[in-house]
Amino acid sequence: MKIGIITNHADRTLESDLQTWAIHKTLDAYGSAPYVIHYHPWDGQVHEEKKGLFHKKTVTRQKITQPSSFINTHVNLLGNAETLEELYQEDFRLDAYISILDREYNPKGEENNAYLLNFIKGEETKIAYGWDLHGERAKGDFSQFESLSVQKGAEHTFSKEVPVVNDPLIWIKRKDIEKIKDRIPKEQPFVFVDVEKWDDSVMAFSKKVAKKQQLALKNIKENRNDVTYYLAVASQATKIVTDSMIGVLVAVLYEKPFVYLNTGNHKNRIMNFLTEMGILYHVEDQWDQEPQEERFAIREKKGALNRKMIALRRQSLSDLEETLQITKNGQKVECPVNITRGDCYGCFACEAVCPEHAIEMQMDKEGFVYPKVEERLCTDCGKCNEVCIRRKDNNVTEDSYPLIYGAVNKDLAVRMKSTSGGVFPALCKEMIEKQNGVVLGSRYDRTMHVVTEIADTMEEAEKFYGVKYAKTDLKGIFIQVKRMLKDGKKVLYSGLPCECAGLRAYLKKDYDNLIIQEVLCHSAPSPKVFEKYMAYLSKKFGSPVVNFVCRDKRNGWDMEQYQVCIQFENGQEMCVNGRKNNYMRAYHNSYLDRPSCSRCQFMKGYRAGDITVGDFLGAEEVFPSLYEDQKGVSLVLINTEKGKKFFENVKEQFTSKETTMAVAFRKNHKKPAEYRNERTELLNRIDEQGIDALLLSYNDLRK
């Protein structure tokens, strides 16, 4: 999607340049193609400037034809219009246009035909985002806009109720600043002063701060609009005195001691931000008095401000996604099933059930599969709608269930091969050796692609042991399961809850010879990212990867101690701290998730399997002694009578204890994985950047 942006960048001020850049880089990260339309109006008026008592100097406002060097370097510019007439003559041919009219940073801005986007000739989407008219009631007809939103504090400027959004400046991250700021020599410790409403009392206050702490004093006044230099100096400061939004933002991002002098400059914008961050104690109203150290001090623990910023940024970007519809999550799947891509689990049920083979699951840019119909083959029979698990009630938990256990396999060797307490191996052995059946589970193939296969021996079933942190390929699997069940074969099917629900929906009835065991799931990460990471490791270490053990517990089982162990074809093995591994950190931060994971219905007691097995996070409350050995404890939910009977066959192999739903899900997944805006940024770049470097750039524990 090509998006044109009308902003106040032609003012060539620090705030307007950084706001324009923040919008541009964010849209670019979402995979769209943003262009800043270079509209630089000049009113041609002369202005009078008083000097002394008797002298008066007449000056003409400088005519700006070129944007700042920062904008010229860091954004894609389009067009070159000084007047509305010139703007009307342009033919940009973009897909959408976004107007940013912000009087905080552009006091002379008007809701004229440029900002109203009236120069656009076609039917392209028009968005007014984050407008702020300084309390003036909005004039004109806004019906041409697909959506209209305002900055916090500007709600009353429109006669109708409109969505409220944050200043795009909060989309800027510390790592963004590090990439663009100047590289200047490190100076002696100093107080950085950035105060636009300057007077003698401000200077006196700043000098007192510097003297009290024996710091140098650095005033940015003369070079304030040099963006990259400003950021270099501000990020090096020991303390910051400011009345600007940028000064406050840099202080928060770098966790610098600071005060906001409440001079009235950008007051509403900054006070709203400080309120949302819970740090109003940094506001100084009386700078004619002695500086108070408690005003400067960062009271939060290290990293707390960053977490607050992330939460605020995510909410703001969620608003942007909804406003601009710049992700495909809201689009309908290309299949008769009437659901959106954001709701689609990718469970393969619709593909499997189609009698005309008109539906095929196809991989998108992010690495997730979605149904696509071949319309010439489709007969509109409605079977795909009938089996869609998003449209069905998939809960199989019976009235007297679930029964909930903490369980640990008594055989330590079996337990060590498993991710948790060794329950799954016992279920496999029961099905294969005692009931002469088969087990379906996920394994790595020769190319480290995660696939679901059938095992009728324990040697084959062992390849299913251990969690695989990538979504499996289910093509053709449901059809094979149905064929075996009809032939009377006993089957144990193991998969993610959505996959288990997909199988049930496809089968349309319960089979006595089928046991469905679901894995307690965090989320379903992109197979494409996993395969790229495996290819990177194989190339780096000169040998193909043959196994990726996501949760090796030789050094411990909990989230602080577990290891990731990579095994290579040449016999080498490399083990690293799992919590800090680039791939695992991205997974646990939900940066690799399928969009539907944030809308998952399979939480707590809502189950799709006869038996549910997963990590027992919080097991120390139920099994303090067994938890302490750090070899893993399983959480087991028995959801149906059939599941209970099957589990009874193996129960003696475990040390087990019944527990409650409240204890079981105190640390486990009470709600779906949070949708993270970072996931879209990261997944949009997987074909453009080396995968390990990309994952590292999102690893918050490796900075």
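What share of the contacts in the protein with a separation of 6 or more comes from residues 24 or more positions apart? The share is 68%. The exercises below work through a predicted model.

**Exercise 1. Describe the overall build of the protein: its elements, its box and its buried share.**

Step 1. Count the elements. The protein has 24 helices and 27 strands.

Step 2. Take the box along the principal axes. The C-alpha atoms fill roughly 105 × 65 × 50 Å.

Step 3. Check burial. The protein has 703 residues, and 56% of them count as buried.

**Exercise 2. Find the disulfide count, then work out the handedness of the bond between C565 and C575.**

Step 1. Apply the cut-off: two cysteine sulfur atoms must lie within 2.5 Å. The sulfur atoms of C565 and C575 are 2.1 Å apart, and the two residues form a disulfide. The count for the model is one disulfide.

Step 2. Read the torsion. About the S-S bond of C565 and C575 it is about 115°, so this disulfide is right-handed.

Step 3. Place the two ends. C565 sits in strand 23 (residues 563–568) and C575 in strand 24 (residues 573–577), so the bond ties together parts 10 residues apart in sequence.

Step 4. Compare the surroundings. C565 is buried, at 0% relative accessible area. C575 is partly exposed, at 28%.

**Exercise 3. Explain why C384 and C550 are in no disulfide.**

Step 1. Start with C384. Its nearest cysteine sulfur belongs to C335 and is 4.4 Å away. The cut-off is 2.5 Å, so C384 is in no disulfide. C384 is buried, with a relative accessible area of 8%.

Step 2. Turn to C550. The nearest cysteine sulfur is that of C565, 10 Å away. By the 2.5 Å limit, C550 is in no disulfide either. C550 is buried, with a relative accessible area of 1%.

**Exercise 4. Classify the packing of helix 8 against helix 7 and against helix 10.**

Step 1. Take helix 7 (residues 245–253) and helix 8 (residues 267–277). Their axes are 10 Å apart and meet at an angle of about 20°. Angles under 35 degrees count as roughly parallel, so helix 7 is roughly parallel to helix 8. The crossing is left-handed.

Step 2. List the contact. M245, V248, L249 and V252 come from helix 7; R269, I270, F273, L274 and M277 come from helix 8. By class, this contact has eight nonpolar, no polar and one charged residues.

Step 3. Recall the helix repeat. An α-helix has 3.6 residues a turn, so residues three or four places apart point the same way.

Step 4. Move to helix 10 (residues 304–324). Helix 8 packs on helix 10 at about 115°, with the axes 10 Å apart. That makes the two roughly perpendicular. Their crossing is right-handed.

Step 5. List this contact as well. Helix 8 supplies F273, E276 and M277, while helix 10 supplies L305, K308, M309 and L312. Five of these residues are nonpolar, none is polar and two are charged.

**Exercise 5. Establish how far helix 6 and helix 17 are covered, and what helix 17 packs against.**

Step 1. Begin with helix 6 (residues 227–236). Nine of its 10 residues are buried, so the rest of the structure largely encloses helix 6. Among the buried ones are Y230, L231 and Q236.

Step 2. Go to helix 17 (residues 497–507). Here 11 of 11 residues are buried, and the helix is mostly covered. Charged E499 and R504 are included.

Step 3. Name the partners of helix 17. Its buried residues pack against helix 11 (349–353), helix 12 (383–387), helix 16 (477–486), strand 20 (491–495) and strand 21 (514–519).

Step 4. Look just past the end. K508 follows helix 17 and has a positive phi, near 70°.

**Exercise 6. Is V439 buried or exposed, and which residues does V439 touch?**

Step 1. Locate the residue. V439 lies in strand 18 (residues 438–444).

Step 2. Check accessibility. V439 has a relative accessible area of 0% and is buried.

Step 3. List the neighbors, leaving out residues up to four places away in sequence. V439 touches F424, C428, M431, I432, E453, I454, A455, F464 and L492.

Step 4. Set sequence against space. V439 and Y493 are 54 residues apart in sequence, yet 5.9 Å apart from C-alpha to C-alpha.

Key:
Residues numbered from 1 in each chain as written. Predicted model: local features only at pLDDT ≥ 70, side-chain atom pairs only at ≥ 80, totals over all residues. Heavy atoms only, no water. Helix = DSSP H or I, 4+ residues; strand = E, 2+ residues; numbered from the N terminus. Buried < 20%, exposed > 50% of the residue type's maximum accessible area, 1.4 Å probe, protein only. Axes fitted to C-alpha atoms, helices over the stretch in contact; angles between N-to-C directions. Parallel < 35°, antiparallel > 145°, perpendicular 65-115°, else oblique. Left-handed = near helix turned anticlockwise from the far one by under 90°. Contact = heavy atoms within 4.5 Å.
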